[in-house]
Amino acid sequence: MRVLPWLYLAAGFLFIYLPVGVLVLFSFQEGTLPVPPFEGPSLRWYAEVLGDDDLTAALLNSVVVAAGQGAVAVTLGFLAAYGLARHVVPGTVFLRALLIAPLTVSYLIVGLGLLIVVQRAGLGLSLWTAGIGHVVINLPICFAIIYASMGAQQQNAERAARDLGAGEFDVIRLVTVPMLAPAILAAYFLSVTLSWDEFIIAFLLTRFEVTLPVEIWSMLRSGLSPRLNAIGSVVFLVSVTAVVLAEVLIFRRRR
Amino acid sequence: MTAPVTVEAVTHRFGAFAALSDIRLEIAAGEYVTLLGPSGCGKTTLLSVLGGFLEPGEGRVLIGGQDMTHVPPAKRPTTTMFQDYALFPHMSLADNVAFGLRMAGVGKRARMSRAAEMLALVGLGEAGAKRPHELSGGQRQRVALARCLAVEPEVLLLDEPLGALDLKLRRSMQDELKAIQRQVGTTFVHVTHDQEEAMAIADRIVVMNAGRIEDEGAPRRIYREPRTLFAAGFMGEINRIPARAVAGRVETPFGPLPATPPAEGGALVACLRPEAVSTAPAAFEIGPARVRDAAFFGTYCRAHLVPEAAPDLTLVAHLPPDALPEEGAVLTLHAEPDALAVFPEE
């Protein structure tokens, strides 16, 4: 009957989720190697991970960088989208292309470029510089998502608000942002998740305080351990939470 | 609150296209005026100029005697009801209606009681907590009206407000709009392309075409004695009877008309409304005509007739509904001479 399509679907999902499933499974390994046979389950490695100050500090750094850079990227992206969608600016097409262009540049190049600029400017490497790097890569995404959802419906509502006596700031605060909330939230959560597991730029632009992917990288160099599986599972859990939160918030607003 | 509006020699161009050419218009305080015309005639452009969304290239707009030409919409004593209503989807109906008062710095309690009052005025007194998406088209339209009226504008501008409603709802909303206008006394300027709507609702109709005012006046006057051929045709169906000016008289295929020709020489058109064609004797005789077809329309019988005096012409007549004329029958047609309006051929 229709077995084949279902088989194909199952195979597809297996391909995507098997590695993650194995990673999570062996994070509960009792022994010291994350390889079969599975012994356990045990929360031993989770306890060790959460007791490791370097790791928890890196985890906290990642949360702060992701949340902060997301807020900056969304704010800048929204303002750029609002300006280009609502006002006649000379060279709109060129400006739009310029805003989106960083999407096509590899993270390595963006990171290297920023590294050179930061070094030449004599600014030290820190979480701030990593955050700036993440704003550079996430701003185009936020701009594109918000710009695409600015339609005639909001424009008419903005016009009505002005007609009823609202100043420009009130129009944005009370009409544009609430009406665009689904797009703005989607852009925010996407940029948070992208920053959360970004490695190259964070690796190049941090020094003493590092984000979680950089910390994991340095641990990887000393070989495989169920500890890494446990961290990986935590990272995965945080990403899933962000996505679920976004879905719930955005779809609840749409209804 | 209410105020008169004066439009002084307003001209506006979009590139080479003249959307408005030398528009002059006086609207009295408390008047209900409709701007009527086909799409692209400039009626919506004129409304945008009144609302402040468009600064005219030339001319002035005075509201309540004050020059408002360069005043932005937020600072004008006007509000606009937009064609798609432009309600705020994320706010309750009460918050929608109270928005203008909130912008004016009115306290929460005062503005909410005013919003409830306005919602009651439009028949939605119980629905203040609902969201716009829970409403039907007609109800959204009422909310938009309440939102506009809550700030007590001197002039309310309505851009095809009934355009999105079905015919039946449209006719009942017309009556309601008119009643609300009488109650609040605000000057209403209403844009429409539906001449029945314009006649049903307006104290005065302004007929526009190609950026100019073709005619303005009471509905009855414009319908019965239009100033231009365009106004005659736009206000309702007409029979166009070719005519010529001969020695100070208007000659038609059915004989001379007791009217002075509007222009000497050249071709003229005599316009006759279908309901002015009658089988009862009257001063102007069209003469015998053969019925090509006829149909029953409830309040009248609509017939196509070919007059013997001008066999290449087909007249439309609305005859009394009690007897359906038979196909091929010959009727003798008459009309009152007053019912014929004569214009130069365009």
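How many helices and how many strands does chain B have? Colour chain B by secondary structure and you'll see eight helices and 19 strands. Keep in mind as you click around that this is a predicted model.

**Stop 1: chain B as a whole**

Stay with chain B and orient it along its principal axes, where the C-alpha trace spans about 75 × 45 × 30 Å. Now give residues 5–229 one colour for domain 1, and residues 237–344 another for domain 2. Put a marker at the C-alpha centre of each domain, and the two markers sit 39 Å apart. If you shade by burial, 43% of the 346 residues in chain B count as buried. Contact-map fans can note that, among chain B contacts with a separation of 6 or more, 65% join residues 24 or more positions apart.

**Stop 2: helix H1 of chain B**

Select residues 43–51 of chain B, which form helix H1. Is this helix enclosed or open to the outside? Nine of its nine residues are buried, so H1(B) is largely enclosed by the rest of the structure. Show the side chains and walk along from Lys43(B), Thr44(B) and Thr45(B) through Leu46(B), Leu47(B) and Ser48(B) to Val49(B), Leu50(B) and Gly51(B), buried residues one and all. Then step just past the end of the helix to Gly52(B), where phi is positive, at about 90°.

**Stop 3: where chain B touches chain A**

Turn chain A on and pick out the contact between the two chains: 17 residues come from chain B and 14 from chain A. On the chain B side, select strand E6 (78–81) and helix H2 (93–103), each of which supplies at least two residues. Which element of chain B gives the most here? That's H2(B), with three residues.

**Stop 4: H2 against H3 in chain B**

Keep H2(B) selected and add helix H3, residues 108–121 of chain B. The two helices pack with their axes 8 Å apart, at an angle of about 120°. An angle over 115 but not over 145 degrees counts as oblique, and H2(B) and H3(B) are therefore oblique to each other. Their crossing is right-handed. For the details, show Leu93(B), Ala94(B), Val97(B), Ala98(B), Leu101(B) and Arg102(B) on the H2(B) side. Facing them on H3(B) you'll find Arg111(B), Met112(B), Arg114(B), Ala115(B), Ala116(B), Met118(B) and Leu119(B).

**Stop 5: over to chain A**

Hide chain B and look at chain A, with its 12 helices and zero strands. Its C-alpha trace spans about 70 × 65 × 30 Å along the principal axes. Of the 255 residues in chain A, 34% are buried. Contacts between residues 24 or more positions apart make up 75% of those with a separation of 6 or more.

Next, select residues 59–246 of chain A, which an unreviewed UniProt entry labels "domain: ABC transmembrane type-1". This stretch is 80% helix and 0% strand, and its end C-alpha atoms lie 21 Å apart.

**Last stop: H3 and H9 of chain A**

Select helix H3 (residues 53–86) and helix H9 (residues 181–196) of chain A, which pack at about 140° with their axes 8 Å apart. H3(A) and H9(A) are therefore oblique to each other, and they cross in a right-handed sense. The contact residues on H3(A) include Ser62(A), Val65(A), Gly70(A), Gly77(A) and Phe78(A). From H9(A), bring up Ile184(A), Tyr188(A), Val192(A) and Trp196(A), which are among its contact residues.

Technical notes:
Residues are numbered from 1 along each chain as its sequence is written. Chains are lettered from A and ligands numbered from 1 in the order in which they are written. Domain bounds come from an automatic or database domain assignment. Helices (H or I, at least four residues) and strands (E, at least two) are DSSP runs, numbered from the N terminus. A residue is buried if 20 or more other C-beta atoms lie within 10 Å of its own, exposed if 12 or fewer, and partly exposed in between; C-beta atoms are placed from the backbone. Two residues are in contact if their C-beta atoms, placed from the backbone, lie within 7 Å. UniProt positions are given in the numbering used here, feature names are shortened, and annotations may be inferred rather than shown by experiment. Axes are lines fitted to C-alpha atoms, for helices over the stretch in contact, and angles run from 0 to 180 degrees between N-to-C directions. Angles under 35 degrees count as roughly parallel, over 145 as roughly antiparallel, 65 to 115 as roughly perpendicular and the rest as oblique. A crossing is left-handed if the near helix is turned anticlockwise from the far one by less than a right angle, and right-handed if clockwise.
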